[in-house]
Amino acid sequence: MAYKNLSDLTTSGQTWNIKVKVIRMWDSINPSTDELISIDMILMDDQGDTMHATIWKNMIDTYKSKINEGSVYVFSNFKVVQSTKYRPISNENKITFAYNTKVKEVKGASDDFSDYYFEFATKYTLEERKEKDKQCSDVIGLLTHMKPIESKITKRNTATDIREIKIMIPEGDKIRITLWGRLAHHLSDDVIGHQTVVIVTSTMVQIFYGLSLKSTSATRLYTNLDIPETSELLRSHSTEEIIPQMMEIDKSTQGTMEEQMFYRRRTIQELTAIRHDNPIDQDFVFTTIATIDRLEENIQWWYMSCDVCNKICTKESDSYYCTYCNKYPERATPTTNNNNNQAFQSQTSWGRLELKPIRSRSQVMVPERG
């Protein structure tokens with residue numbers, strides 16, 4: 001039987017036979033509802049090319065028992081579609097299983113394929129992907145810091161475990177990564193004091209006190225994996241051993257919202273007098289109890305700005321248009337108007353202001369910018 005290379009597959013609707021190894025396999029979960037969306041895989045052919053594959057929820061029972069990670073299969077009668085969001089690899093196409101997709105395992109062929117596949121992102125690439133849901137990012141680096149496991153209250157008012165780590169990527173930059181759920185337990189405290197190379201796959205880039213990454217349901221975490229990139233990273237730091245250290249948890253972010261009301265309490269006068277010379281890598285969260293005196297509805301204290309030039313955008317139907325760039329920006333961001341409402345600016349020009357109603361009062365949480 002003749003097999004097609006993954007690089008030759010297109011969305012034109014042809015019928016192919018492919019022989020591939022399942023490099024990684026995971027359950028894709030909707031983080032808002034904890035609902036299973038699909039089973040996803042990264043497939044590799046004997047040329048080393050890769051493609052993302054998806055089995056949608058309504059067909060999981062048909063195929064889940066037939067496919068295992070690390071095994072080799074012949075697949076046929078599948079669809080090839082464009083991959084638009086949360087791509088775990090850079091291939092713009094992906095395979096989706098249909099009701100008549102055929103699956104046949106090939107015994108004894110696994111050693112003919114690689115065991116792992118990564119697309120390590122540089123600092124420049126991570127900057128390009130920040131706050132975008134198109135492409136996931138793999139990173140490799142030396143573990144520098146790790147926090148104990150924390151319990152966080154999600155938007156669904158349920159508790160989940162998280163662990164924050166920091167790694168030094170090959171360029172020398174330090175990146176903060178938040179590991180959610182089961183991944184929070186992957187690293188044990190035994191890594192503290194021992195040089196450790198960490199690989200974290202399929203993360204999303206966000207801006208939270210600087211550039212940071214967060215895990216997804218597709219994320220895998222590897223330590224000291226025997227691959228050339230690990231050896232190269234260790235050689236580059238052979239004269240300066242990087243030893244991970246344990247960080248302290250900021251207790252002001254622990255517990256329920258009501259419990260947080262009693263942490264690091266400040267008055268509004270104290271908040272407006274806070275100095276601006278704090279370390280840029282240190283986070284600050286304060287709370288205050290305040291009564292809303294009035295809402296100034298006629299003052300335009302904010303506007304939607306272009307993510308390229310930061311100029312004001314105008315609303316056109318369901319999109320925002322930047323007249324300065326003469327295009328629709330990929331993202332428009334709410335921005336404080338420094339020319340209006342100077343009293344409000346004194347509290348928000350240096351930080352983010354969140355109003356969260358607590359019974360008949362409101363909580364103001366103000367993280368200070370370094």
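How many residues lie between S10 and S11 in their hairpin, and which residue in the turn has a positive phi? The views below show parts of a predicted model.

**View 1. The hairpin of S10 and S11.** These two strands form a hairpin with 5 residues between them. In the turn sits Gly 172, whose phi is positive, at about 100°. Strand S10 covers residues 159-168 and runs antiparallel to S11. The two are joined by 7 bridges. Look for one facing pair: Ile 167 stands opposite Ile 175 in S11.

**View 2. Strand S11 and its other partner, S13.** Strand S11 spans residues 174-180 and is mostly covered. Of its 7 residues, 5 are buried. S11 also pairs with strand S13, residues 211-214. Here the sense is parallel, and there are 3 bridges. To find one of the paired positions, start at Arg 176. Its bridge partner in S13 is Ser 212.

**View 3. Thr 201 in strand S12.** Thr 201 belongs to strand S12, which runs through residues 197-207. Is Thr 201 buried or exposed? Its relative accessibility is 0%, so Thr 201 counts as buried; the cut-off for buried is under 20%. A polar atom of the Thr 201 side chain lies 2.8 Å from the backbone nitrogen of Arg 220. Arg 220 is also listed among the contacts of Thr 201 beyond four places in sequence. Others on that list include Arg 24, Phe 118, Ser 137 and Asp 138. Ala 218, Thr 219 and Tyr 222 are there too.

**View 4. Ser 202, a positive phi inside a strand.** Ser 202 is in strand S12. Its phi is positive, at about 50°, although Ser 202 is not a glycine. Ser 202 counts as buried because its relative accessibility is 0%. A general point helps when reading a strand: in a regular one, side chains alternate between the two faces of the sheet.

**View 5. Asn 224, a positive phi in a loop.** Where is Asn 224 placed? Asn 224 is in the loop between strand S14, residues 221-223, and helix H3, residues 228-236. Its phi is near 50°. That is a positive value in a residue other than glycine. Asn 224 has a relative accessible area of 44%, so it is partly exposed. Compare the settings: Ser 202 is buried, whereas Asn 224 is partly exposed.

Note on methods. Residues are numbered from 1 along each chain as its sequence is written. This is a predicted model: local features need pLDDT of at least 70, side-chain atom pairs count only at pLDDT 80 or more; totals for chains, interfaces and linings use all residues. Side-chain values use heavy atoms; hydrogens and water are left out. Helices (H or I, at least four residues) and strands (E, at least two) are DSSP runs, numbered from the N terminus. Buried means under 20% relative accessible area, exposed over 50%, partly exposed in between (1.4 Å probe, protein chains only). A polar contact is a pair of N or O atoms within 3.5 Å; within protein, one must be able to donate a hydrogen and the other to accept it, and residues adjacent in sequence count only if both atoms are side-chain atoms. Contact means heavy atoms within 4.5 Å. Two strands pair if DSSP finds at least two bridges between them.
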